[in-house]
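Q: Please take a close look at how the strands pair in this model, and tell me what surrounds them.

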Amino acid sequence: MAEWNTYYRNEDEEEDQEEEEQSGGEYKATGRDSLVFLVDASKEMFIKGEDGESSNFDMTMQVVRSVYTSKIISSYRDLVALVFYGTKESKNPRNSFKHVYVYHDLDEPGAKRVQEVDALRGDKGAQLAAKTLGSGETSLGDALWCCANLYSDIKLRLSHKRLMIFTCRDEPHEGDGVKDRQARTKAGDLKETGVVIDLMHLMKPGGFDVSAFFCDIISPPEDEEELGVQMEPCGKLDDLRKRVRAKELKKRAMARLSLSLGEGVNVAVGLYATAVSARKQAPIRLYRETNEAVRSKTRTFHTETGSLLLPSDIKKAQVYGKKQIVMERDEVDSIKKFDDPGLVLIGFKPMEKLKLDHHIRPSVFLYPEEEEVKGSACLFTALLKKCSERNVFALCRCISRRNYPPRFVALVPQKEEVDEANVQISPAGFNVIYLPFADDFRTLDPPRCPYASQVQVDKMKEIISKLRFKYRSDAFENPVIQKHYRNLEALALDMVAPEEIEDLIMPKVEQIDQRLGPLVQEFKDLVYPADYNPETKPAAKRKTAGAGGGASEKKPKVELTEDELRVHVQNGTLGKLTVPVLKDACKQFGVRTTGTKKQELMDALTSRLGS
């Protein structure tokens, strides 16, 4: 009979839940995400920039490749497609559309597809693209129609459909009104079926005018906080990657809850994970003969009869007062349930009451869900504004999911921040800080060390001020995980050697020495003695033979008496003694041994002293 508390879910598992899992398990985002890259293959895309910079087509292929590899790692079940329009050659289902080339249909990304995209990069890739695709007439309406057929041919359930257009031509049809109307009509049809159309416009001489044609093609922002189309075109690879990355990821709430403000006033809110720890994926067991994934199934049998036990036959038990209390699974569920999932406002406290040592786990972000309850955004904004003005945080009781234990959280207000280009850096909302319970605090007995003098403290302050820099979490990658995926990538793509990675967490010694200058030596002179060298270990002192040293000095001294050895023999704890101690004990008490192994020494002492 299993202990009833083994049925409890570990509280730490709350952080490991998938982001799409919603509150109480009532709603869960099902289906797969899909992404179609619609790339312009006109001659203008292959023109290199000034000073030999990469062409727009080459930058696009690099971004497509990076999305393919990231999908393989993070969400390999998503569907991705690559379609070229404005080509000379035609290749699409049933060859219904001219000048449209489906390079990859909607399917899961794999190593073969990454290799095929790699073949289109660089000068050789441009030559291959000119030979395979070519450049011809352009009909964006036919290309959008072809993409719609790709979606309609998929029998799987798709939770999110997105189409990205990469082009450097703001008027692809060069003023042809008929083709413009056809493209706008087909774009409207796609948007009605739930396809989100984004424009990744690239640099062109004279600038890119979005309002000329594409303003009627692309989809509007999905919510008020989401930035719509960027007016400035992408001229650099990093900028293009950031825009694609921002549009590619679908925002999913960890949980959708109700924030109760009292007297029946409720606000619909969502919890979002702003940062998640990067981890290696769990290994998948494969069948040796077919190389297919092995699925495990657990069954429970009766220990005495060997009969198969059903879930209804298994009871939970807890020993209390030396008695075993047996409970049904439903009873255990009712004991675990504290309340329905949600946030309940308790009160407000000044920000000074929130200490840095209250941080026990990563915080999450709270944002209103206007689609769930109308008026939530207005009331949420008013609460956020007042908390910011009065410099207070809201203290709440939080139950994120059904059958989870309640936690006390602090809702810390965060104002919206934008950069010089009016692009949002930080959204407006509440940071949810999980507060510790009383038993989370512990009393430490720190070691007593000599205190530094004021001169030493001032010198260290100078060193710290010289080494300060603006920290960004995205500037440092985990070298172990990066190396792991580089090795997998090299193995999957049949590369000779994995791509070299730079360990960004290692200190830049040359730059540090240049910044500090003589400060390091000055600090050493203040703190360490004159002959101190941290790079060399002190040599072990050896005693001379005349001082009683020699080989006999290496042997451990026997501090066990015969009575103590007898106690070890009677208690069966001889195995805790080391081999040198057992050897000296055998010599001291005249116990003869046939070998020098530990078990032989123990047997000899047991036969002699155990009688």
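**Strand pairing and its surroundings**

A: Of the 611 residues in the protein, 33% count as buried (under 20% relative accessible area with a 1.4 Å probe, protein chains only; exposed is over 50%, and partly exposed lies in between). What you see is a predicted model, so local features need pLDDT of at least 70 and side-chain atom pairs count only at pLDDT 80 or more, while totals for chains, interfaces and linings use all residues. Residues are numbered from 1 along each chain as its sequence is written, and side-chain values use heavy atoms, with hydrogens and water left out.

Let's start with the whole protein. Its secondary structure comes to 15 helices and 19 strands (DSSP runs numbered from the N terminus: H or I of at least four residues for helices, E of at least two for strands). Take the contacts (heavy atoms within 4.5 Å) between residues at least 6 apart in sequence: 70% of these join residues at least 24 apart.

Now to the open sheet. Five strands build it in the order 4-3-2-5-6, with mixed pairing (two strands pair if DSSP finds at least two bridges between them). Strand 4 (100–107) and strand 6 (195–201) are at the edges with a single partner strand each, so one side of each has no neighbour in the sheet. From one strand to the next, the twist averages 15 degrees (axes are lines fitted to C-alpha atoms, for helices over the stretch in contact, and angles run from 0 to 180 degrees between N-to-C directions).

Within this sheet, strand 2 (residues 32–40) and strand 5 (residues 158–167) run parallel and are joined by eight bridges. If you would like one pair to find on screen, look for Val39, whose bridge partner in strand 5 is Phe166. Helix 4 (residues 140–152) packs on the sheet, where this helix touches strand 2, strand 3, strand 4, strand 5 and strand 6. The direction of helix 4 makes about 25 degrees with that of strand 4. Helix 2 (residues 111–118) lies across strand 3 (79–85) and strand 4, and runs at about 155 degrees to strand 4.

Next comes the barrel. Seven strands close it in the order 7-8-14-19-16-15-13, and the pairing is mixed. Here neighbouring strands are turned by 40 degrees against each other on average, direction ignored.

Strand 8 (residues 265–272) is a good place to zoom in. Strand 8 pairs with strand 7 (residues 255–262) in the antiparallel sense, over seven bridges. One of the bridge pairs is Gly262 with Val265, the latter in strand 8. Strand 7 and strand 8 form a hairpin with two residues between the strands, in which Glu263 takes a positive phi near 55 degrees. Strand 8 also runs antiparallel to strand 14 (residues 364–368), and four bridges join these two. There, Val269 has Pro368 in strand 14 as its bridge partner. Six of the eight residues of strand 8 are buried, so this strand is mostly covered.

Salt bridges add some further links. The whole structure holds 19 of them (a side-chain nitrogen of Lys or Arg within 4 Å of a carboxyl oxygen of Asp or Glu). One involves a barrel strand: Asp339 pairs with Arg397, and their closest N and O atoms are 3.0 Å apart. Asp339 is in the loop between helix 7 (329–336) and strand 13 (342–350), whereas Arg397 is in strand 15 (residues 392–399), so the pair links distant parts of the chain, 58 residues apart. Asp339 counts as partly exposed because its relative accessibility is 33%. Lys337 and Asp340 also meet through their side chains in a salt bridge, at 3.2 Å from N to O. Both fall in the partly exposed class, Lys337 at 41% relative accessibility and Asp340 at 45%.

A further salt bridge joins two helices. Lys459 and Glu522 come together with their closest N and O atoms 2.7 Å apart. Lys459 belongs to helix 9 (residues 454–466) and Glu522 to helix 12, 63 residues apart, and the pair links distant parts of the chain. Lys459 counts as buried because its relative accessibility is 14%, while Glu522, at 33%, is partly exposed. Finally, Arg65, Asp118, Arg121 and Glu489 are joined into one network by salt bridges that share partners.
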